[in-house]
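User: Please take one part of this model and go through it closely. I would like the pairing, the packing and the backbone details in one connected account, with the cut-offs stated.

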Amino acid sequence: MLASICALTTLAFSLALAFVIIIDPRFTYRLLLLAIPFSIFAFFIALWLSGMVLHPLSNIVKKAKKLAAGDMNVRFSDESTAYAPYAVRELSESLDTVGARVRATMAEAAAESKRQGQFISDVSHEIRTPLTAIRGAAETMLDEDIPSDIHERFCNTIIHESERLTRLANDLLTLQRIEGDGELNLKRIDLHKIVERAVAMLEPLLDERQVLLTISGEAPDVLGDSDRLQQVVQNLIDNANRFVDEGGRIHVELSGIRAHSVITVSDNGPGFGNINPARLFDRFYRGDFSRARATGGIGLGLTIVKAIVTAHEGTVEAINLPDGGACFIVAIPSLPPARD
């Protein structure tokens with residue numbers, strides 16, 4: 001812009017000089033003496049101003065080419081643009097913003113690719129074990145001379161491992177639906193009723209192990225999907241049931257705090273040990289691998305809990321209780337009291 005102004009000024013001066021010469025040639029010599037130094041001065045001013053603009057622009061073009069070539073460390077705003085015209089500085093800042101977004105997008109894509117690779121590896125590992133057991137049992141049963149009791153045992157193995165594969169497939173589909181479209185059938189939910197339904201569903205399993213489950217407290221209503229929230233409570237109770245001893249205790253407490261409705265599921269089991277509680281919600285993670293395998297756990301129950309709670313804009317965390325046992329705390333934003 002400044003270079004253009006300078007060039008236009010020079011042009012105007014030249015036209016004025018020509019006009020004066022035409023009107024009165026006697027002023028030609030004096031005007032030439034003035035015009036020569038002025039033209040030289042204007043030339044160097046225009047050259048300097050052009051350099052101020054073109055040099056930073058040239059650097060920006062070079063950096064843009066590096067960014068396009070995959071160099072994510074490029075920064076457009078630096079010493080070369082510190083004293084550049086405002087438009088150039090604004091351009092470099094805008095390109096830095098674009099570069100930051102490109103880096104963030106690429107980092108997210110790389111992390112997602114890594115998660116997908118790990119997920120495929122985990123699923124393959126989970127499928128391999130039951131398939132190996134099923135094949136081994138089936139091959140053994142091909143022997144016509146095996147006793148009937150062994151034949152029955154291998155039949156039960158095939159059924160048991162097939163059920164594990166079915167649970168794995170169902171849990172994976174559930175997780176995909178929650179994390180994929182995230183669609184929820186939202187309505188006002190009474191959490192106490194949700195807990196009662198979840199306990200009723202698990203009552204046969206609890207009775208089988210003589211586990212005592214108690215419910216206390218009340219929580220404000222929430223806006224949620226009743227089926228999904230029931231699954232949260234069922235998974236947490238089922239998880240506790242897997243790790244408490246026979247005749248153990250599980251307690252579900254409802255409360256409200258800081259505009260959130262809270263569901264707490266605690267037990268008197270061994271807890272989850274000295275590990276990062278966040279790992280409990282990772283896919284296929286088992287706090288006690290041997291016991292989880294023996295009770296049929298596949299390591300997706302708590303992952304599904306976290307996915308559902310997150311879809312409800314809530315949080316879930318786990319802590320070890322001072323006197324032993326684990327405690328899982330779910331907090332979901334509360335609704336205002338219903339008007340009568």
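Analyst: Contact means heavy atoms within 4.5 Å. This is a predicted model, in which local features need pLDDT of at least 70 and side-chain atom pairs count only at pLDDT 80 or more, while totals for chains, interfaces and linings use all residues. Residues are numbered from 1 along each chain as its sequence is written, and side-chain values use heavy atoms, without hydrogens or water.

The part to look at is the open sheet and what packs around it. Five strands make up this sheet, in the order β2-β4-β5-β7-β6, and the pairing is mixed. Strands (E, at least two residues) and helices (H or I, at least four) are DSSP runs, numbered from the N terminus. Two strands pair if DSSP finds at least two bridges between them. The edge positions belong to β2 and β6. Each has a single partner strand, so one side of each has no neighbour in the sheet. Ignoring direction, neighbouring strands are turned by 15° against each other on average. Such angles run from 0 to 180 degrees between N-to-C directions, with axes fitted as lines to C-alpha atoms, for helices over the stretch in contact.

Start at the β2 edge. Strand β2 covers residues 212-217 and runs parallel to β4, residues 249-257, with six bridges joining them. In this pair, I215 faces V252 of β4. Next comes β5, residues 260-267, which pairs with β4 in the antiparallel sense through eight bridges. Here G256 stands opposite S261 of β5.

The turn of this hairpin has two residues between the strands, and R258 takes a positive phi near 50° there. R258 sits in the loop between β4 and β5. Its relative accessible area is 76%, so R258 is exposed. Buried means under 20% relative accessible area, exposed over 50%, and partly exposed in between (1.4 Å probe, protein chains only). Most residues other than glycine have a negative phi. Q210 is another non-glycine residue with a positive phi, near 55°. Q210 lies in the loop between α6 and β2. With 61% relative accessibility, Q210 also counts as exposed.

Now the other edge. β6 and β7 run antiparallel and are joined by six bridges. N320 has A326 of β7 as its bridge partner. Helix α9 packs on the sheet here, touching β6 and β7, and its direction makes about 140° with that of β6. On α9, the buried residues are L302, T303, I304, V305, A307, I308 and V309. E313, just after α9, takes a positive phi of about 60°.

Helix α6 lies across β2, β4 and β5. The angle between α6 and β2 is about 175°.

What holds the middle of this picture? The largest nonpolar core has 45 residues, and those touching the most other members are L191, L236, I237, I250, I263, F328 and V330. A nonpolar core is a set of buried Ala, Val, Leu, Ile, Met, Phe, Trp, Tyr and Cys residues joined through side-chain atoms within 4.5 Å. At least two core residues come from each of α5 (148-180), α6 (191-208), α7 (226-243), β4, β5, α9 (301-311), β6 (315-320) and β7 (326-333). α6 gives the largest share, seven residues.

Take L191 from that core. Beyond its neighbours within four places in sequence, L191 contacts A219, P220, V222, L229, L254, S261 and I263. Among these partners is I263, itself listed with the core residues that touch the most other members.

Helix α7 also packs against α9. Their axes are 9 Å apart, at an angle of about 150°. That makes the two helices, α7 and α9, roughly antiparallel (angles over 145 degrees; under 35 is roughly parallel, 65 to 115 roughly perpendicular, the rest oblique). From α7, the contact uses R228, L229, Q231, V232, N235, L236 and N239. From α9, the residues are G301, L302, I304, V305, I308 and V309. The crossing of α7 and α9 is left-handed: the near helix is turned anticlockwise from the far one by less than a right angle, where clockwise would be right-handed.

One polar residue of α7 deserves a note. S226 is found in this helix, α7. S226 is buried, at 12% relative accessible area. Not counting residues up to four places away in sequence, S226 touches K187, I189, I194 and R197.
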